[in-house]
Amino acid sequence: MANDKVRLGIIGLGNMGSGHAKNIAAGKCPEIELAAAADIAPEKLEAARGYMPEGVRLFSTAEEMLDSGLMEAAIVAVPHYDHPRYVIRCLEAGIHVMCEKPAGVYTKQVREMNAAAAAHPDTVFGMMFNQRTNHIYRKLRELVRSGRYGEIRRTNWLITSWFRSQKYYDSGAWRASWRGEGGGVLLNQCPHQLDLWQWICGLPVRVDAHLSYGKWHDIEVEDDVSAYVEYANGATGVFITSTGDAGGTNRFEIQLDGAKLVATEDSLRLWEYRPSTPEFEKINTEAWNSPEIVEVPVETDGQNPQHVGVLNAFAARILRGEPLVASGEEGIRGLTLSNAMHLSSWLGRPVEIPFDEELYWQELSKRIAVSRLKG
Ligand SMILES: NC(=O)c1ccc[n+]([C@@H]2O[C@H](COP(=O)([O-])OP(=O)(O)OC[C@H]3O[C@@H](n4cnc5c(N)ncnc54)[C@H](O)[C@@H]3O)[C@@H](O)[C@H]2O)c1
C-alpha cells in the first residue's frame, strides 16, 4: 500500500457513487486517491470520463475491478440487494470496504456479511451512515447516553421530510420495487434515521407497525409508515415517515426522567426538569404541581462533514487505526428495525425483536415473486 494515501475503487457510479467520486476528485478526502471505478451501465462509464481525474481506470464489471490489484479499498454503491455480495467479495480479497446504506435488504443476508467481517478482522469494514457525523445527532447521543438525565421514557420521530415525486420513482426501474429495492421509504430514505434512532436510544424489543403500500404514488412498496415500539425498560416510541407530504417535518423528541430533548433539521433544544420527575414525585406534596422546567442552551461543535467525514475516517482507520464513524457490522441494527416494521405489517400483528429471520425472507420472497420488476 502507498503509505500516505488509500487507493480506492468505487462500485456503482449512479447518484451516490458519482457523488463520492466527485468529492474525492475535488480534494475533500486528502488521504484517498481514486484508482478505479466500475459500473455495468455503459452510459455511467461514459459520463464518468467527464468528472474522473486523469488515470482512474474504468471497468464494466465490479469483479474485473476487484481482481485488478489497483486498489486496497472499495466503496459499494450499487442497489441494496447487492451490498452484502460485494462487501463479502471485498473482505475475502482483503480489500477494505465501505458499504452504502442500507447494509442489505434482509437481516439474514446481512448476517452472512457480518460473518465474513468476523472472519477477516484485519480488513476494515465501514458503513456509510453519514448522518452520524451531524453535530446535532452526535450531541443528542452524548446527552442521552451520559445518564445525566436518567432513563428514556418516550421517543418520537416524525420524519416526513422525505417527499418524493412520481417522476423520482419512475427514474429507475429498480426503485420502489420488491425485486429491485426490497422496500420503500424504510429501505431507501429512512436507513439514516433508523440507524440514528437505535444509535441514540437502543433497539426496542417489540414493534407494531402500520404501513401503506403505494398510498401516495403508483408504486408497490410502502410510502407511508406509522410504527409503535416498546423498549426493555418499559419506554415507548413512535416512528412516522412518508414520502407523500410535500411540506414534511423532521422532529425527533426524547423524553427522559430528567429532561426533554428535541432535535429538528437544524436545531437541538434541551429542557431540564428540576428536579427529575422521579425525584419530584418523592418530595412533592401538592396536587397541581410539576417539576420546574428550564431550557438550557446546548453547545455543539457545529461540524457536519457527512459523506466526506465518513470517508476521511475510513482512510484514517486504514492508515492509522483511528475510529470509524460506523463499523460495517452495525448496519444490521437499523435494518432490524425496518425488517421488524415490514414483518409486523405483513403479519398484521406486533413482532418481537429478535424476530424470525427465515419467516421474513419467506414473506419478502412472496412479494418478490409478484413484483412489477421482472427477474
Ligand atoms: N448515504 C447516502 O446518503 C446515500 C444517498 C443516496 C443513495 N445511497 C445508496 O447508494 C446506493 C446506490 O443508490 P443510487 O441512488 O446511487 O442509485 P443509482 O441507481 O443512481 O446508481 C446505482 C448504480 O449502480 C450500478 N450497478 C448496478 N448493479 C451493478 C453491479 N452489479 N456492478 C456495478 N455497477 C452496478 C448501476 O448501473 C447504477 O449506475 C443505494 O444502496 C442507496 O441506498 C446512499
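1. The second largest cavity in this predicted model has a volume of about 40 Å³. Its lining is made up of Tyr168, Tyr169, Ala176, Glu181, Gly184, Val185, Asn188 and Gln189. By class, these residues comprise 4 nonpolar, 3 polar and 1 charged.

2. How many cavities of 30 Å³ or more does the structure hold? There are 2. The largest has a volume of about 60 Å³. Around this largest cavity stand Lys101, Pro102, Ala103, Phe129, Leu186, Leu187, Pro191, Gly331, Gly334, Leu335 and Ser338. Helix 11, which spans residues 331-347, is the element that gives the most to this lining, with 4 residues. The lining of the largest cavity counts 7 nonpolar residues, 3 polar and 1 charged.

3. The pockets come next. The largest pocket has a volume of about 1,100 Å³. It is lined by 41 residues, and those nearest its centre are Asn15, Ala77, Val78, Pro79 and Trp174. Several helices give two or more residues to the lining: helix 1 (15-25), helix 2 (42-51), helix 3 (62-67), helix 4 (83-92) and helix 10 (306-320). The lining of the largest pocket divides into 15 nonpolar, 16 polar and 10 charged residues.

4. The second largest pocket holds about 160 Å³ of space. Of its 13 lining residues, Tyr169, Ala173, Arg175, Ala176 and Arg372 lie closest to the centre. The classes here are 5 nonpolar, 3 polar and 5 charged. Tyr169 and Ala176 also appear in the lining of the second largest cavity.

5. The sheet deserves a point of its own. It is an open sheet of 9 strands with mixed pairing, in the order 14-13-12-11-7-10-9-8-15. Which strands stand at the edges? They are strand 14 (292-296) and strand 15 (351-352); each has a single partner strand, so one side of each is left without a neighbour in the sheet.

6. Strand 10, residues 236-242, is mostly covered, with 5 of its 7 residues buried. Strand 7 (residues 152-159) runs parallel to strand 10 and is joined to it by 6 bridges. Within this pairing, isoleucine 159 has threonine 241 of strand 10 as its bridge partner. Strand 9 (residues 222-230) runs antiparallel to strand 10, and 7 bridges join the two. Here glutamate 230 stands opposite threonine 236.

7. Strands 9 and 10 form a hairpin with 5 residues between them. In the turn, glycine 234 has a positive phi of about 95°. Strand 9 is also joined to strand 8 (residues 206-213), by 8 bridges, and these two strands run antiparallel. In that pair, alanine 209 is set opposite alanine 227 of strand 9.

8. Helix 8, residues 191-201, has 11 of its 11 residues buried. The buried residues include Pro191, His192, Asp195, Trp197, Trp199 and Cys201. What covers them? Among the covering elements are helix 6 (135-145), strand 7, strand 9, strand 10, strand 11 (250-256) and helix 11. Pro191 of this helix is also one of the residues that line the largest cavity. Glycine 202 follows helix 8, and its phi is positive, near 85°.

9. Is glutamate 272 buried or exposed? Glutamate 272 counts as buried because its relative accessibility is 9%, and the limit for buried is under 20%. Glutamate 272 belongs to strand 13, residues 268-274. Its side chain makes a polar contact with the side chain of arginine 274, at 2.9 Å. Neighbours within four places in sequence aside, glutamate 272 is in contact with Arg148, Tyr149, Gly258, Ala259, Glu292, Ile293, Val294 and Val296. In the order of the sheet, strand 13 has strand 14 on one side and strand 12 on the other.

Conventions:
Residues numbered from 1 in each chain as written. Predicted model: local features only at pLDDT ≥ 70, side-chain atom pairs only at ≥ 80, totals over all residues. Heavy atoms only, no water. 1 Å grid on protein atoms, 1.4 Å probe; cavity = no way out; pocket = protein on both sides within 12 Å on 5 of 7 lines; lining within 4 Å. Points joined across faces, edges and corners; volume = space filled by probe spheres on them. Nonpolar A, V, L, I, M, F, W, Y, C, P; charged D, E, K, R; others polar. Buried < 20%, exposed > 50% of the residue type's maximum accessible area, 1.4 Å probe, protein only. Polar contact = N/O pair within 3.5 Å; in protein donor to acceptor, adjacent residues only side chain to side chain. Contact = heavy atoms within 4.5 Å. Pairing = 2+ DSSP bridges.
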